[in-house]
Amino acid sequence: TFLDNHVQTTLGGYYNDYQNLQQPITDPVTGGGGVTNVGKSKIQGVEASINAKFSDWAFDAALNYNKTSLGNVSLIAGYRLPGSLPGNTPQCVGTNTTGCFNYVPYITNLSGGENPFSPKVTLNAGVGYTIPAGSGSFMPRVNYTHVDKQYASLFQTDGYFLMRARNLLNANVSYENGPWHGDLYMTNITNQLYESAYSGNYVYYGSP
């Protein structure tokens, strides 16, 4: 803290070394779902934030840099399999080609890729101003958020599970008077279209 406690800052770092990180897979032996260990995987980064208040003005910002790396792993790209393939179809072995499927062309090396839902850079910044109004007060506030591109899956070679970077602008006006509190707010003011989540073959988009 400094400037007579008008400003507060934090700085931190983290390093996670995962062994046998588990991920869901398509099991080639049975053709059904399963779980595998993705060897050693790392998640590391730094994060910093600042909060400041001078008279009726309030400022805040936070920055996070995140770096991830998957261990040694090769998996079947289940989303690329033919839609007509029956579930739980086993891998063809040797001369057995009846009632089975060759998964080998769909095996993808994922070593060194990013962990899912791990954007490299995340940034938040906001500013507000307090306006006295009788026995209460108004505070208009604007907030900006940037989230880097990220992937919703371990498979990251063709952009199928890509979640694009987003830059969101939000604003609100709050009113406080004794026990009363009210808010008027707008989110995603620029109406940016962006992916917020994946579930199987379904994509969920952020609120307009």
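This is a short dialogue about a disulfide, the salt bridges and a nonpolar patch in a predicted model.

Tutor: In this predicted model, local features need pLDDT of at least 70 and side-chain atom pairs count only at pLDDT 80 or more, whereas totals for chains, interfaces and linings use all residues. Residues are numbered from 1 along each chain as its sequence is written, and side-chain values use heavy atoms, with hydrogens and water left out.

Student: Why are Cys 92 and Cys 100 called a disulfide?

Tutor: A disulfide is defined as a pair of cysteine sulfur atoms within 2.5 Å; the sulfur atoms of Cys 92 and Cys 100 are 2.0 Å apart, and the pair meets that rule. By this rule the count comes to one disulfide.

Student: What makes the disulfide of Cys 92 and Cys 100 right-handed?

Tutor: The torsion about its S-S bond is about 100 degrees, and the disulfide is therefore right-handed.

Student: Why is Cys 100 called buried?

Tutor: Buried means under 20% relative accessible area, exposed means over 50%, and partly exposed lies in between (1.4 Å probe, protein chains only). Cys 100 has 15% relative accessibility, so this residue counts as buried.

Student: How do you know that Arg 141 and Asp 60 form a salt bridge?

Tutor: A salt bridge requires a side-chain nitrogen of Lys or Arg within 4 Å of a carboxyl oxygen of Asp or Glu, and the N to O distance for Arg 141 and Asp 60 is 2.8 Å, which satisfies the definition. Arg 141 lies in strand β10 and Asp 60 in strand β5 (residues 57–69), so the pair ties together parts that are 81 residues apart in sequence. Strands here are DSSP runs (E, at least two residues), numbered from the N terminus.

Student: Why does the pair Asp 17 and Lys 40 count as a salt bridge?

Tutor: Their N to O distance is 3.9 Å, which is still within the 4 Å limit. Asp 17 lies in strand β1 (residues 7–19) and Lys 40 in strand β4 (residues 40–54), so this salt bridge ties together parts that are 23 residues apart in sequence.

Student: What makes Phe 138 partly exposed?

Tutor: Phe 138, found in strand β10 (residues 136–147), has 34% relative accessibility, and therefore counts as partly exposed. Phe 138 also belongs to a nonpolar surface patch of about 900 Å², whose other members include Phe 2, Trp 57 and Leu 184. Patches are made of residues with over 30% relative accessible area and no salt bridge, with like charges joined within 9 Å and nonpolar side chains (Val, Leu, Ile, Met, Phe, Trp, Tyr) within 5 Å.

How values were computed:
Accessible areas come from the Shrake-Rupley method with a 1.4 Å probe; for residues, only the protein chains shown count as cover. Helices (H or I, at least four residues) and strands (E, at least two) are DSSP runs, numbered from the N terminus.
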